Amino acid sequence: MTVTSLIFCFSIAFFVSLASTPLVKTLAHKIGAIDIPDGKRRVHKSPIPRLGGLAIFLGFMCAVFAFVKIDTQVRGILIGAVLIVAIGILDDVKQLKATVKLAVQIIAAIIVVSHDVKIVALTVPSFIIDSGFLPLKWLSFPITILWIVAVTNAVNLIDGLDGLAVGISSIATFSLFFIAILAGEPTVALLAAALAGGCLGFLPYNFNPAKIFMGDTGSTFLGFILSTICIQGLFKGYAIISFIIPFLILGLPLFDTSVAILRRIHNKKPIMGADRGHLHHKLIDMGFSQKQTVAILYVIAMLLGLSAVVLVERGAQTAFLLVSVVLLMLIFGGRVITWQTDHIRHITETENDEKSEENTND
């Protein structure tokens, strides 16, 4: 692997994705893959074509076939990705049941595991096990499937605002790319470069106001590839940091999904049902615009990704210090933002009350 091959891998994915997005947009209109606003969870105001993830997929595949050695493991990932994209296209057109999509995701994960892409062990502190290495044995199969399906759906769930999911996925992919370079994982670095190029080629069309959505075709594909790249490059290590890194890089979507599941259980709602309680919805309800909300979540994702890279490069103590500082900044910033929002709302309500009294007196 050379720097030139990484650059070309990224560039091919970028330009194929960029060039094919308008074509995918036309296709979406022809086959009826259109997202209609509902005034609740969907915050856009006019019908927008879905299916944009197909452009990301095309860019990724072109780059992979050009630069990545297709061994057994990569073949399994690509076959699973094709299945995920196929069901995503059907869902973007016909709106499939959640159980159908989940079943296909499990099948795709089984395909990946059957091609020897699996979490064979977990790293634990040495005070628990002297070697710091816990072989999973037969549990490797279900744990890997659970990880792939969980991350696939986590990325899908945060796809609620223009540019949000693809931007956060880009940030996570760049974090994986730098860690793969540091860890000497050429295949993972090339896969990450291809995915990053595909994401960034699509992003100009997906920024607010979006011209096209990536739909389930894109969000589930990104989650699927991110989950398998993590298995290839991060869970294989024998140090404690190898287990923590994936959860840092994918911290935002995993946290949002975990809270959503707990919220739905508490409210006695279907776990796989949709609601309007995600992080981006909360920020919108606080008075932030779509662009401001996306920017805030981008910053959080960047800080988590940076923490993961520092963890690999500088060790656990430095990364822990960085994460602590980041959390304190986020808590303080959240308090300030909440105070400002409440203050502005109070001023607005006061002005409205005064205007109402004036109109009544008139």
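Modeller: Contact means heavy atoms within 4.5 Å. Keep in mind that this is a predicted model.

Colleague: Which residues does phenylalanine 60 touch, not counting residues up to four places away in sequence?

Modeller: Set aside residues up to four places away in sequence. What remains for Phe60 is Ala13, Leu78, Leu191, Ala194, Leu195, Phe221 and Ile225.

Colleague: Which helix gives the most to the largest nonpolar core?

Modeller: That core has 88 residues. Phe60, Trp147, Leu195, Phe221, Leu222, Ile225 and Leu250 touch the most other members. The top contributor, with eleven residues, spans residues 186-206: helix H7.

Colleague: Take threonine 21. Is it buried or exposed?

Modeller: Thr21 is found in helix H1, residues 3-31. Its contacts, leaving out residues up to four places away in sequence, are Ala55, Phe202, Tyr205 and Ile212. Buried means under 20% relative accessible area. Thr21 has a relative accessible area of 1%, so it is buried.

Colleague: How are the rings of phenylalanine 10 and phenylalanine 14 arranged?

Modeller: The structure holds six aromatic pairs. In this one, the ring centres of Phe10 and Phe14 are 6.2 Å apart. Planes under 30 degrees apart count as stacked. The planes of Phe10 and Phe14 are at 15 degrees, so the pair is stacked.

Colleague: About how far apart along helix H1 are phenylalanine 10 and phenylalanine 14?

Modeller: Phe10 is partly exposed, with a relative accessible area of 24%. Phe14 is also partly exposed, at 21%. The two are four residues apart in helix H1, so their separation is about one helical turn.

Colleague: And phenylalanine 57 with phenylalanine 221: what kind of ring pair is that?

Modeller: Their ring centres are 5.5 Å apart. Planes over 60 degrees apart count as edge-to-face. The planes of Phe57 and Phe221 are at 90 degrees, so the pair is edge-to-face.

Colleague: How many residues apart are phenylalanine 57 and phenylalanine 221?

Modeller: Phe57 is in helix H2, residues 53-67. Phe221 is in helix H8, residues 215-233. The pair links distant parts of the chain, and the separation is 164 residues.

Colleague: What is the relative accessible area of phenylalanine 221?

Modeller: Its ring partner Phe57 is buried, at 10%. Phe221 is buried too, and its relative accessible area is 0%.

Colleague: What separates the C-alpha atoms of leucine 254 and alanine 154?

Modeller: Leu254 is found in helix H10, residues 251-266, and counts as buried at 16% relative accessibility. Leu254 touches Trp147, Val151, Ala154 and Phe247, not counting residues up to four places away in sequence. Leu254 and Ala154 are 100 residues apart along the chain, but the separation of their C-alpha atoms is 5.6 Å.

Colleague: What distance lies between the end C-alpha atoms of helix H3?

Modeller: H3 runs over residues 72-94, which is 23 residues. At 1.5 Å a residue, helix H3 should span 33 Å. The end C-alpha atoms agree with that, at 33 Å.

Colleague: Which residue follows H3?

Modeller: At the start of H3, a side-chain oxygen of Asp71 reaches to within 3.3 Å of the backbone nitrogen of Gln73. After H3 comes a residue whose phi is positive, near 55 degrees: glutamine 95.

Colleague: Which residue meets arginine 50 in a salt bridge at 3.3 Å, N to O?

Modeller: The structure holds four salt bridges. Arg50 pairs with Asp35 at 3.3 Å, N to O. Arg50 lies in the loop between strand E2 and H2 and its partner in strand E1, so the pair ties together parts 15 residues apart in sequence. Both residues are buried, and the partner is aspartate 35.

Colleague: In which helix is lysine 101, the salt-bridge partner of aspartate 91?

Modeller: The side chains of Asp91 and Lys101 meet in a salt bridge at 3.4 Å, N to O. Asp91 is in helix H3, and ten residues away Lys101 is in helix H4.

Colleague: How many residues apart in sequence are the parts tied together by aspartate 216 and lysine 101?

Modeller: Asp216 and Lys101 meet in a salt bridge at 3.2 Å, N to O. Asp216 lies in helix H8 and Lys101 in helix H4, so the pair ties together parts whose separation in sequence is 115 residues.

Colleague: Does lysine 101 count as buried or exposed?

Modeller: Asp216 is buried, with a relative accessible area of 14%. The cut-off for buried is under 20%. Lys101 has 19% relative accessibility, so it counts as buried.

Notes. Residues numbered from 1 in each chain as written. Predicted model: local features only at pLDDT ≥ 70, side-chain atom pairs only at ≥ 80, totals over all residues. Heavy atoms only, no water. Core = buried A, V, L, I, M, F, W, Y, C linked by side-chain atoms within 4.5 Å. Buried < 20%, exposed > 50% of the residue type's maximum accessible area, 1.4 Å probe, protein only. Phe/Tyr/Trp six-rings, centres within 6.5 Å; stacked < 30°, edge-to-face > 60°. Expected span 1.5 Å × (residues − 1). Polar contact = N/O pair within 3.5 Å; in protein donor to acceptor, adjacent residues only side chain to side chain.
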